[in-house]
Structure formats: structure tokens, C-alpha cells
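Me: I am new to this structure and would be grateful for a close look at a single part of it. Please take the sheets and the loops that join their strands, and describe them in one connected account.

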Amino acid sequence: VDMACVKLEDGGGSDSEVDSDVPLKDGTKVEARYRGKAKYYPGKINRVRSNGTYDVNYDDGEKEFGVKKEFIKVLESSSRSRSRGRDDSEADDGIGEGDKIEARYRGKMKWYAGKVARVRSNGTMDIHYDDGEKELGVDPSFVRAVKKSSSRSPRGRRDDSETEGGALEEGTKVEARYRGKAKYYPGKIGRVRSNGTYDINYDDGEKEFGVKKEFIKVLES
């Protein structure tokens, strides 16, 4: 059988897998045949090896090393739109290291607050989430900037409520982010420390020492 004819009959599938216009590189969104089986699974190129094979990080958390190119096909529409989107996000949103953002953890639907720890050369980002989780190589399409006006205004209001009349003092009713996680829990200031942190006695009986002011908000009476 003439292999040229086989490629022509494959049409779009062949083009998406081997078309040089859509190169396989770190961060490229792909579908790959896990362990060479028939079904394709979505994922991302994690590493291009010198022998022409690829390491793939699948969206379901699995990883596979040394995958042959013939088992991989590029998600063309997403890769092309992503490259445009990446340029746009860098130019318009200006997302950089240290910026506060929201990201879709592991590509799921819900957005979680965090901070950009690193912007990689392939355009992906390492995210440190406010709840303590970390995620590496996040596609920029899953990251959005937190508008400076919206992020600063609640913080400003919190600072106002805390400092007016010396509100943060022993016995003040507050809500605090236990161990720096995202959720606030009600309690009382048990002690004001000289280094500017606070001991919290939570209403559920837990105690936490040396809590930073940024994790505390006053329950206005």
C-alpha cells in the first residue's frame, strides 16, 4: 500500500499529529494514546526528549514518559487560541511573578485565589494557592488576574475597620483564616503580640498563635 495514500485518507487526524505548523513543545495541549492503547486522553506535553519522544502529563493526573509522536495528536484549535491568548494575557493583563490571581485548579471549573510564583519560558505558570496548595505549569488560559481595584478595596476596608479606635485588641470578636487557609472562622483575639501578630481563640475551641493581621477581619458590631 502506498503510504502517501494512507496519509491522504487520514486527512485531519494525520495533519494534527505530524503537521510541522503545530510543533510539539513543552506546554502544548494534546491527546495521547495512553500506553499505546486505542483511546486518546487529553493532556499536556511536559518534556520533549532528545530521542524524539515526549513526556505527557494527562489531565486526570496520570503521567507517561517517552511517548512516541505517532501516539500523540495536537489539539489544534486550543493550541492556536492558547498562543494568541497567552500573548494577549501578557500584554493586557500583565500577569507576572508575585501577582494575585485566580486559577482553575487542575483545569476544573471552579476558580481559586492564589499568587503567581513563577512564569515559565513556555508561558505556563506555577501557582501558590491561598489554601496552601501548589500547582506547576498551569496554562495561562486557566489563570485570570484579580483586578487591582477589587483586590485592594476589601483589604482597605478591612484595614479601616481594624485600625479605627484600635479595634484589634484582646477580646475583639474577629474572623480569621485558620492556618492561612481560604475559609474564615469566628473567634476572639486572645493576645496581641509585640511583633504585630495575634493569638486567636476560635469559637470551636481551637487556638492559633502568631496569626498575621492580613488573615484577620473584625466582626463589626
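Reply: A strand is a DSSP run of E with at least two residues, and strands are numbered from the N terminus. With that in hand, arginine 106 can be placed in the loop between strand E6 (100-104) and strand E7 (111-119). The model is predicted, and the description below should be read accordingly.

The setting comes first. The protein chain holds four helices and 15 strands. Of its 221 residues, 33% are buried. Among the contacts in the chain with a separation of 6 or more, 41% are made by residues 24 or more positions apart. The accessible surface of the chain comes to about 14100 Å², and carbon and sulfur atoms account for 45% of that area.

The loop of arginine 106 leads into an open sheet of five strands, whose order is E9-E8-E7-E6-E10 and whose pairing is antiparallel. Strand E9 (134-138) and strand E10 (143-145) stand at its edges; each has a single partner strand, so one side of each is left without a neighbour in the sheet. From one strand to the next, the twist averages 40 degrees. Strands of a sheet pair through backbone hydrogen bonds, either parallel or antiparallel.

In the loop itself, arginine 106 has a phi near 55 degrees, which is a positive value in a residue other than glycine. Arginine 106 is also exposed: its relative accessible area is 57%, and a residue counts as exposed when that value is over 50%.

Within this sheet, strand E8 (residues 125-129) is joined to E9 by three bridges, and the two run antiparallel. Methionine 125 has valine 138 as its bridge partner in E9. Strand E8 also contains isoleucine 127. Isoleucine 127 has a relative accessibility of 0% and therefore counts as buried, the limit for that term being under 20%. Leaving aside residues up to four places away in sequence, isoleucine 127 touches Ile101, Lys115, Val116, Glu133, Lys134, Glu135, Val138 and Val143. One of these, valine 143, is 16 residues away from isoleucine 127 in sequence, and the C-alpha to C-alpha distance between the two is 9.2 Å.

Valine 138 also appears in the surroundings of a lysine. Lysine 44 lies in strand E2 (residues 40-48). Residues up to four places away in sequence aside, lysine 44 touches Gly27, Thr28, Lys29, Val30, Asp55, Val56, Asn57, Gly137, Val138 and Asp139. Lysine 44 is buried but has no salt bridge; aspartate 139, the nearest side chain of opposite charge, is 4.7 Å away. A salt bridge requires a side-chain nitrogen of Lys or Arg within 4 Å of a carboxyl oxygen of Asp or Glu, so a distance of 4.7 Å does not qualify.

A further sheet can be described in similar steps. It is open, has five strands in the order E14-E13-E12-E11-E15, and is paired in the antiparallel sense. Its edges are strand E14 (207-211) and strand E15 (216-218); each has a single partner strand, so one side of each has no neighbour in the sheet. Here the average twist from one strand to the next is 40 degrees.

Strand E11 deserves attention in this sheet. E11 (residues 173-177) is joined to E15 by three bridges, and these strands run antiparallel. The bridge partners in E15 include valine 218, which is paired with valine 174, and lysine 217, which is paired with glutamate 175. E11 also pairs with E12, over five bridges and in the antiparallel sense. In that pairing, alanine 176 has tyrosine 185 of E12 as its bridge partner.

The account ends, as it began, at a loop. Arginine 179 is found between E11 and strand E12 (184-192). These strands form a hairpin with six residues between them, and within it arginine 179 takes a positive phi near 60 degrees. Like arginine 106, which has a positive phi near 55 degrees, arginine 179 shows this positive value although it is a residue other than glycine. Arginine 179 has a relative accessibility of 63% and so counts as exposed.

Terms used. Residues are numbered from 1 along each chain as its sequence is written. This is a predicted model: local features need pLDDT of at least 70, side-chain atom pairs count only at pLDDT 80 or more; totals for chains, interfaces and linings use all residues. Side-chain values use heavy atoms; hydrogens and water are left out. Two strands pair if DSSP finds at least two bridges between them. Axes are lines fitted to C-alpha atoms, for helices over the stretch in contact, and angles run from 0 to 180 degrees between N-to-C directions. Buried means under 20% relative accessible area, exposed over 50%, partly exposed in between (1.4 Å probe, protein chains only). Lys and Arg count as positive and Asp and Glu as negative; His and the chain ends are not counted. Contact means heavy atoms within 4.5 Å. Accessible areas come from the Shrake-Rupley method with a 1.4 Å probe; for residues, only the protein chains shown count as cover.
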